[in-house]
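This dialogue is for a reader who is meeting the structure for the first time. A learner asks how to read its features, and a teacher replies.

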Amino acid sequence: MWAASCLASCCAACACDACRTVVSGISRRSARIAYCTVFALSLIVAYILREVAAPLMEKMPWINYFHQTPDKEWFQTDAVLRVSLGNFLFFTILAVLMIGVKNQKDPRDSLHHGGWMMKIICWCLLVLLMFFLPNEIISLYEATSKFGAGLFLFVQVVLLLDFVHGWNDKWVGYNEQFWYTALFVVSLICYLATFSFSAVLFHWFTPSGQDCGLNTFFIVTTLMFAFIFAIVALHPAVNGSILPASVISLYCMYLCYNGLASEPRDYQCNGLHKHSQAVSTTSLTTGLLTTVLSVVYSAVRAGSSTTLLSPPSSPRAGGGRPLLPLDKAADEEEKEKAKPVTYSYTFFHIIFSLASMYSAMLLTGWSASVGESGKLIDVGWSSVWVRIVTGWATAALYLWSLVAPVLFPDREF
């Protein structure tokens, strides 16, 4: 007994030392990766509790105060939303604390990049505390999450447009025949992939002998967007490029596929999953992995996008520093000044807050309602329309980015 106690103490001490080593090894450069890791951990915790926490939650009187105990799926939904709320509060608090940070001399800069042991403890306490909140608060968060998740998708679209235009400008800026050829080749590949993808969607989601007019409408509309993008981008008045048009066309077709794949399993036009009535572990894992990658992409773009994220004093936004200092004294004085931050810490954390809401909607199918007994639906018409409307919003934003400079030549876009 004594030996087992000593062994347990040694294991605990080693675990604590390992945690301290990992936490102390998080540098300024790897802080963003650490935040992405925390978010990924929240998804794993939510998924695990979704599967195992229902029996325990049924015994909590402040959660299960109904005259008739709800189905198991209700408690699964509730567990996911409570973990998501804790994660949302964690990143929202950090976002509020980071408002106004403009240079690295600000003490809050160290808070953003350091203090990881304290952050992990706070995150765990927040998630645990959520399981002691009344159902009314969770119900309010569930309703709010639908809007927050939609806003997260919108931010991703804006970042994608910024990335594609930046990619095109960089290659065109080389002003060499090789890069112009590369632009044409990549654009051609994207368009071939778009049209090939649409043919696959017609095969999967418009089976013969079935009335699948809605699916046909979704696919044909997306194809029309691809043609409209090319026509508008190549119009002499717009002076656009075919590369962004091809990439956005492929992305819209991908969103169309996501929407059609989210149709109910028993829907006659869903040929992809017509023989499967439940979401497989592989499908759900793929969805979670896609969410993590989407958030990582958004977070990384937070350090490079000049459209939304870089504060006016950051190096990417100009900074006003002279190219050639007048003398060494002035140069030394400039070095002593605090370096400006390279991205908005507040917006960085807001991305994770919105992503927390989006992940909750992913795990609950966008349609679960806390306070009512009902089965957890991982797919459904809410998921379909969210993804389809996101594709339409992407098309509208891209077309606006092309025509806005022509309609308002005196304004800077």
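The turns below take up a disulfide, pairs of packed helices and enclosed cavities.

Q: What kind of model is this?

A: This is a predicted model.

Q: What is a disulfide, and how many are counted here?

A: A disulfide is a covalent bond between the sulfur atoms of two cysteines. In this structure the count is one disulfide.

Q: Which residue does the disulfide join to C212?

A: The partner of C212 is C269, with an S to S distance of 1.9 Å. The torsion about the S-S bond of this pair is about -95°, so the disulfide is left-handed.

Q: Where do C212 and C269 lie?

A: C212 is in the loop between α8 and α9, whereas C269 is in the loop between α10 and α11 (281-301). The pair therefore ties together parts that are 57 residues apart in sequence.

Q: How should one read the packing of helix α8 against helix α10?

A: One reads the distance between the axes together with the angle at which they cross. The axes of α8 (residues 177-205) and α10 (residues 242-261) come within 8 Å and cross at roughly 20°. Angles under 35 degrees count as roughly parallel, and α8 and α10 are therefore roughly parallel to each other. The crossing in which α8 passes α10 is left-handed.

Q: How do the residues of the contact of α8 with α10 divide into nonpolar, polar and charged?

A: The contact of α8 with α10 has 20 nonpolar residues, five polar and no charged.

Q: Are α2 and α4 roughly parallel or roughly antiparallel to each other?

A: The angle is again the guide. For α2 and α4 the packing angle is about 160°, and their axes are 7 Å apart. Angles over 145 degrees count as roughly antiparallel, and α2 and α4 are therefore roughly antiparallel to each other. Their crossing is right-handed.

Q: At what angle do α2 and α13 pack?

A: α2 and α13 pack at about 20°, and their axes are 11 Å apart. These two helices are therefore roughly parallel to each other. α2 passes α13 in a right-handed crossing.

Q: How many cavities of 30 Å³ or more does the structure hold?

A: A cavity is described by its volume and by the residues that line it. The structure holds two cavities of 30 Å³ or more. The largest contains about 70 Å³ of space, and the second largest has a volume of about 50 Å³.

Q: Which residues line the largest cavity?

A: The lining includes F39, S42, L43 and A46, together with V80, V83, S84 and N87. Also among the lining residues are S356, S359, A360 and L363. The elements that give two or more residues to this lining are α2 (31-52), α4 (72-97) and α13 (345-364). By class, the lining of the largest cavity divides into seven nonpolar residues, five polar and no charged.

Q: Which element gives the most to the lining of the second largest cavity?

A: α14 gives the most, with three residues. At least two lining residues come from each of α9 (213-233), α10 and α14 (381-407). The second largest cavity is lined by T222, F225, C252, C256, I388, G391 and W392. Five of these lining residues are nonpolar, two are polar and none is charged.

Conventions: Residues are numbered from 1 along each chain as its sequence is written. This is a predicted model: local features need pLDDT of at least 70, side-chain atom pairs count only at pLDDT 80 or more; totals for chains, interfaces and linings use all residues. Side-chain values use heavy atoms; hydrogens and water are left out. Axes are lines fitted to C-alpha atoms, for helices over the stretch in contact, and angles run from 0 to 180 degrees between N-to-C directions. Helices (H or I, at least four residues) and strands (E, at least two) are DSSP runs, numbered from the N terminus. Angles under 35 degrees count as roughly parallel, over 145 as roughly antiparallel, 65 to 115 as roughly perpendicular and the rest as oblique. A crossing is left-handed if the near helix is turned anticlockwise from the far one by less than a right angle, and right-handed if clockwise. Ala, Val, Leu, Ile, Met, Phe, Trp, Tyr, Cys and Pro count as nonpolar, Asp, Glu, Lys and Arg as charged, and the others, Gly among them, as polar. On a 1 Å grid over the protein atoms alone, a cavity is a set of points where a 1.4 Å probe fits but cannot get out, and a pocket is an open set with protein on both sides within 12 Å along at least five of seven lines; lining residues have an atom within 4 Å of a point. Grid points are joined across faces, edges and corners, and a volume is the space filled by probe spheres set on the points. A disulfide is a pair of cysteine sulfur atoms within 2.5 Å.
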